[in-house]
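Q: I have a new structure on my screen and I'd like to learn how to read it. Can we go through it together, feature by feature?
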Amino acid sequence: MKRIQMADLVGQFKKIKTEVYQAWEEVLENASFINGPQVKKFASNLELYLNVKHVIPCANGTDALQAALMALNLPKGSEIITPSFSYAALAEMIIHVGHKPVFVEVDPSTFTIDVNEIEEAITDRTKVIAPVHLYGQCADMNTIMKIAQKHNLYVIEDAAQAIGANYEMDVSGKLKAGTIGHIGTTSFFPSKNLGCYGDGGAIFTNDDNIAEELRMIVNHGQVKKYVHKRIGLNSRLDSIQAAVLNVKLKYLDDYGAARKRVAAFYDEAFAGHQNIIIPKRQVKSEHVFHQYTLTLKGIDRALFKEYLMNYEIPSMIYYPIPLHKQEAYKQDIELPITMDLTENVISLPISTELDEEQLAYICKHVLVFCKEQTLAQ
Ligand SMILES: Cc1ncc(COP(=O)(O)O)c(C=O)c1O
């Protein structure tokens, strides 16, 4: 059996090696390293794929969030409603730009923002709702967009983990994650569903004015060369990465299908188990399974993780400390669901390359451990 990895990037690379080398040769032969044709081609390929008017490539998913927040030109101290059970980049950038994250709970079954908490969190300073499409499926965007419209708020979607996921909007039909709100962002970190071989990110919008602002921001606030209209960033996707992304974008839906096959295998093995809750799907969202995350019930997670490691099965905890408890973003608030999840979630290996032998081996050991634990209690 092949060694099991959380994400088998080498196995995936081997299948597209020739195409990637060819694309790289083109960049190297033309020395078109910065803002070259590969970057422009990628932006327009992704616009087509996402069916969105503007894709603005940038250096990483964190910059994408920073640029999105800057582009709205909000008054300092604006409040932005976002989940605490998430990766740190969004809260970090909210504070960086001079605003305040207002942390709310997630729905414990889908891990995305609890829409029932949003309206209660709105004050006169609230300007943005910022859902995170955690683990690969969209938050309840129908409700979020309704609340945003009612209260005249912007919506920034952090789609770093959900690129390619379709979402069924009640009014406008099927839309891609990150293209529903006013601005969407993503990351091309290597292990992401659409990952490059270094850092990369992008911002999406259908709004021409926001797009113009974003293009300026990622390029030192320049309207044209050496004319700086506003404070910006130096945030570029480089051509070497864009070349990889042009190849991989063609396979993104196949990658999604492979991830779904892994998820279906796990679902079948664990559905209805008394100690393991399988990830629930949002009714209107496709799940592209950036992660396959279980919630454990009556199981010692540390022991479970250690047991799996002894059988060379890696696992990860996304995320062990919620944002409102982090020293950098600490807030004295109670979020019991978030606390409970940080103590009980565990993500199993998921990648485009896992085969049935590996999956059967993982499932067998998960089930044996749970049985032994139950017997010991
Ligand atoms: C939800 C989410 N947002 C933002 C980011 C930041 O992306 P990057 O690492 O490219 O800056 C990540 C990356 O892990 C993420 O998972």
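Q: How do strand 8 and strand 9 pair, parallel or antiparallel?
A: Strands of a sheet pair through backbone hydrogen bonds, in either a parallel or an antiparallel way. In this predicted model, strand 8 and strand 9 (residues 201-205) run antiparallel, and four bridges link them. To find one yourself, go to Thr186: its bridge partner in strand 9 is Ala202.

Q: In what order do the strands of the sheet lie?
A: Read across, the order is 1-9-8-5-4-2-3. That makes seven strands in an open sheet with mixed pairing. Strand 1 (54-58) and strand 3 (100-104) are the edges; each has a single partner strand, so one side of each has no neighbour in the sheet. From one strand to the next, the twist averages 25 degrees.

Q: Which strands does helix 2 touch?
A: Helix 2 (residues 37-50) packs on the sheet and touches strand 1 and strand 9. Its direction makes about 135 degrees with that of strand 1. Then look for helix 4, which also packs on the sheet, against strand 2 (79-83), strand 3 and strand 5 (154-158). The angle between the directions of helix 4 and strand 3 is about 145 degrees.

Q: Back to strand 8: is Thr185 buried or exposed?
A: Count the neighbours. Thr185, which sits in strand 8 (residues 183-187), is buried because 31 other C-beta atoms lie within 10 Å, and 20 would be enough. Beyond its neighbours within four places in sequence, Thr185 has contacts that include Gly61, Ala64, Ile156, Asp158, Gly178 and Ile203. Sequence distance can mislead you here: Thr185 and Thr62 are 123 residues apart along the chain, yet their C-alpha atoms are 8.8 Å apart in space.

Q: Which residues come nearest to the ligand?
A: Those are Asn60, Gly61, Thr62, Ala160 and Ser187, out of 14 residues around the ligand. By type, the shell splits into six nonpolar, six polar and two charged residues. Helix 3 (61-71) and helix 4 (89-96) each give at least two residues to this shell.

Q: How is the protein divided into domains?
A: The domain assignment gives domain 1 (9-103 + 111-249) and domain 2 (252-376). Their centres, taken over C-alpha atoms, are 26 Å apart. Where they meet, 31 residues of domain 1 are in contact with 30 residues of domain 2. On the domain 1 side, helix 1 (9-30), helix 4, strand 3, strand 6 (166-169) and helix 8 (239-249) each supply at least two residues. Strand 6 gives the largest share, three residues. That side of domain 1 is made up of 15 nonpolar, 12 polar and four charged residues.

Q: Which residues other than glycine have a positive phi?
A: Two to look at are Tyr135, with phi near 65 degrees, and Glu312, with phi near 60 degrees. Tyr135 is in the loop between strand 4 (126-129) and helix 6 (141-151), and is buried, with 22 other C-beta atoms within 10 Å. Glu312 belongs to the loop between helix 10 and helix 11 and counts as exposed, with 12 C-beta neighbours inside 10 Å.

Q: Which residues does a cis peptide bond join?
A: Tyr318 and Tyr319, where omega is about 10 degrees. You'll find Tyr319 in the loop between helix 10 (301-310) and helix 11 (336-344).

Key
Residues numbered from 1 in each chain as written. Predicted model: local features only at pLDDT ≥ 70, side-chain atom pairs only at ≥ 80, totals over all residues. Contact = placed C-beta atoms within 7 Å. Near = placed C-beta within 6 Å. Nonpolar A, V, L, I, M, F, W, Y, C, P; charged D, E, K, R; others polar. Pairing = 2+ DSSP bridges. Axes fitted to C-alpha atoms, helices over the stretch in contact; angles between N-to-C directions. Domains from an automatic or database assignment.
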